[in-house]
Amino acid sequence: MTALNASTRRVATAVALAAAAAISLSACSAGQITQTATQVSAVNGNYANQGDISLRNVHVVYPNSEEYSLEPGGTVALAFTAINESEYQAERLAKITTDKAASVTIAGEPGERIIPPQTALAAGTLNATVVDDGEEIESKIILVTLNDIGQDVYPGLTVPVTFSFERSGDITVDVPVDAGPATDRHESDKSGNEGAGTLAEIAGGH
């Protein structure tokens, strides 16, 4: 078992928490996330494994700015961590699709979606370095948005989202929509933990 495989869950949690926090905090600089970051309440996220890819903490982020909205026709941010567990071969995220939005935008150049062996790609924040068990793992960070969403993208429900990778193929995940701290929930068996909080609350102190 490789060092990355042994710490996959802790790495994924730390990266995804940073991703959620930094969407609304574009002024924050890149930094490091220690193991203590995994001790805060987890956001609602699902996971999937296929080929060399492990998808972790996949969720629609609860909006906390005017740029994002869960109203039909609005735009929401998608958060996730994609870990390439291969020791030798790079992977590339080709596209992301869902029938619950008119389109999905992956910001940046296609080359930024390449995931070298034993590294991660995370959505929703600035470049960050994950520190786990004393090991630094560089993670590429991108912004992914679902545009012109339908009425089914609602807190507590799940949205089918397909991640297409060049080597690992298509991975479809039932993605929970984060309900925030006070929103009434439509309960789903993949809604995850309660009390995720807003992005600002997760960030805390910035």
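**Entry 1: Asn84**

I began with Asn84, which counts as buried because its relative accessibility is 0%, under the 20% limit for that class. The model I am reading is a predicted one. I then asked where Asn84 is found. I located Asn84 in strand S4, which covers residues 76-84. I also looked up the side chain of Asn84 and noted that one of its polar atoms lies 3.1 Å from the backbone nitrogen of Ser86.

**Entry 2: Confidence**

Before going further, I checked the confidence of the prediction. For the protein chain I recorded a mean pLDDT of 73, with 59% of the residues at 70 or more. I found that pLDDT stays under 50 over residues 6-43, although the model has 80 contacts beyond four places in sequence for them. Over residues 125-134 I again found pLDDT under 50, here with 43 contacts beyond four places in sequence. I do not interpret these contacts, because predicted coordinates should not be read in detail where pLDDT is low.

**Entry 3: The aromatic pair**

I searched for aromatic pairs and found one in the structure. How are the rings of Phe80 and Phe163 arranged? Their centres are 5.0 Å apart and their planes stand at 75°, so I entered the pair as edge-to-face, the class for planes over 60 degrees apart. I noted that Phe80 belongs to strand S4 and Phe163 to strand S12 (residues 158-165), so that the pair links distant parts of the chain, 83 residues apart. Are these two residues buried or exposed? I recorded Phe80 as buried because its relative accessibility is 0%. Phe163 is buried as well, with a relative accessible area of 0%.

**Entry 4: The nonpolar core**

I turned next to the largest nonpolar core and read that it has 32 residues. Which residues have the most contacts inside it? I listed Leu55, Leu78, Phe80, Ile96 and Phe163. I then looked up the strands that each supply at least two residues of this core, among them S3 (53-60), S4, S5 (91-97) and S12. I took Ile96 for a closer look. Leaving out residues up to four places away in sequence, I found that Ile96 touches Leu78, Phe80, Val104, Ile106, Val144, Val161, Thr162 and Phe163.

**Entry 5: The sheet**

I traced an open sheet of four strands in the order S7-S5-S12-S13, with antiparallel pairing. Why do S7 (114-115) and S13 each have one side without a neighbour in the sheet? I noted that both strands stand at the edges with a single partner strand, so one side of each is left free of a neighbour there. Between S5 and S12, which run antiparallel, I recorded four bridges. I identified Phe163 in S12 as the bridge partner of Ile96. I then followed S12 to S13 and recorded eight bridges between these antiparallel strands. In S13, I found Ile171 as the bridge partner of Phe163.

**Entry 6: The hairpin and Ser168**

I noted that S12 and S13 form a hairpin with three residues between them. In the loop that connects these strands I located Ser168. Is Ser168 buried or exposed? I entered Ser168 as buried because its relative accessible area is 9%, again under the 20% limit. Finally, I looked up what Ser168 touches beyond residues up to four places away in sequence, and I listed Gln50, Gly51, Asp52, Ile53 and Glu91.

Notes:
Residues numbered from 1 in each chain as written. Heavy atoms only, no water. Buried < 20%, exposed > 50% of the residue type's maximum accessible area, 1.4 Å probe, protein only. Polar contact = N/O pair within 3.5 Å; in protein donor to acceptor, adjacent residues only side chain to side chain. Phe/Tyr/Trp six-rings, centres within 6.5 Å; stacked < 30°, edge-to-face > 60°. Core = buried A, V, L, I, M, F, W, Y, C linked by side-chain atoms within 4.5 Å. Contact = heavy atoms within 4.5 Å. Pairing = 2+ DSSP bridges. pLDDT = per-residue confidence, 0-100.
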